[in-house]
Amino acid sequence: HEAYIVGGCVRDLIMGLAPKDWDVTTNAKPEEIQKLFPDSFYENEFGTVGVKVEKFLPNGNPEREHDVVEVTTYRIESKYSDKRRPDVVNFAKTLEEDLSRRDFTMNAIALRVHDSDFAIADPHKGQKDIKNKIIRTVGDPHARFDEDALRMMRAIRFHAELNFEIEKNTFSAIEKYVK
């Protein structure tokens, strides 16, 4: 199966920050993920399996608690009737389809690690936006915010936390929807 580290953790790594959590996207279906990780759990309609991993203290000793890495099958989403969650989630065939549904270009970057090599998939030029400190939606900002209104708040939070500017069209769409 293919597997990529994706989203905010990749953004943080590119920025030289310690990721707060880890997300993985894969072409494996939830049942296949659970076969690979028997101590995992799958309790949602979005194709996300929680995989438990041991926490480690700075000195390298494992703690007794576990962190959870969310492993989600590539997906595409339909209409969002409630402006928060998709009505229907369908599994996608490609990483590019999955990245195209994400909120901001800086979060639509995937990292594949294989042995000591790595490869970055960045079809929406998120690395460029990170370098230029720009918050920009993937695709049409009106469509992104119409799907999930929380994305507007995320843009403002990223602006405050990262000191990034919100791209003009993205900002105009936020202004339209908050009125």
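A charge sits over a ring if NZ of Lys or CZ of Arg is within 6 Å of the ring centre and within 35 degrees of the ring normal. Keep that handy for the first exercise, and remember that this is a predicted model.

**Exercise 1. Find which residue lies over the face of Tyr 4, and which ring has the charged end of Lys 176 over it.**

Solution.
- Start at Tyr 4: Arg 112 lies over its face, 5.6 Å from the ring centre.
- Now go to Lys 176, whose charged end sits over the ring of Tyr 177 at 5.0 Å from the centre.

**Exercise 2. Work out which strands pair with β8, and in what sense.**

Solution.
- Take β1 (residues 3–6) to begin with: it pairs with β8 in the antiparallel sense, over two bridges.
- For a spot to look at here, pick Ile 5, which stands opposite Leu 111 in β8.
- Next comes β9 (residues 117–121), which also runs antiparallel to β8, with five bridges between the two strands.
- One of the bridge partners to check is Asp 117 in β9, matched with His 114.
- Finally, look at the connection: β8 and β9 make a hairpin with two residues between them. Asp 115 sits in that turn and has a positive phi of about 55 degrees.

**Exercise 3. Classify the aromatic pair: is it stacked or edge-to-face, and which parts of the chain does it tie together?**

Solution.
- The structure has one aromatic pair to deal with.
- The rings belong to Phe 104 and Phe 158, and their centres are 6.0 Å apart. Pairing calls for centres within 6.5 Å.
- The planes stand at 90 degrees, and over 60 counts as edge-to-face, so edge-to-face is the label for this pair.
- Place the two residues: Phe 104 is in the loop between α3 (95–100) and β8 (110–114), while Phe 158 belongs to helix α6 (residues 150–162). The pair therefore ties together parts that are 54 residues apart in sequence.
- Check burial, where the cut-off is under 20% relative accessible area. Phe 104 has 0%, so Phe 104 is buried. Phe 158 has 3%, so Phe 158 is buried too.

**Exercise 4. Sum up the whole protein chain: how many helices and strands are there, and what percentage of the residues is buried?**

Solution.
- Count the elements and you get seven helices and eleven strands.
- Of the 179 residues, 39% are buried.
- Turn to the exposed area, about 10700 Å², with carbon and sulfur atoms supplying 51% of it.
- Last, take the contacts between residues at least 6 apart in sequence: 53% of these join residues at least 24 apart.

Terms used
Residues are numbered from 1 along each chain as its sequence is written. This is a predicted model: local features need pLDDT of at least 70, side-chain atom pairs count only at pLDDT 80 or more; totals for chains, interfaces and linings use all residues. Side-chain values use heavy atoms; hydrogens and water are left out. Rings of Phe, Tyr and Trp (its six-membered ring) pair if their centres lie within 6.5 Å; planes under 30 degrees apart count as stacked, over 60 as edge-to-face and the rest as tilted. Helices (H or I, at least four residues) and strands (E, at least two) are DSSP runs, numbered from the N terminus. Buried means under 20% relative accessible area, exposed over 50%, partly exposed in between (1.4 Å probe, protein chains only). Contact means heavy atoms within 4.5 Å. Accessible areas come from the Shrake-Rupley method with a 1.4 Å probe; for residues, only the protein chains shown count as cover. Two strands pair if DSSP finds at least two bridges between them.
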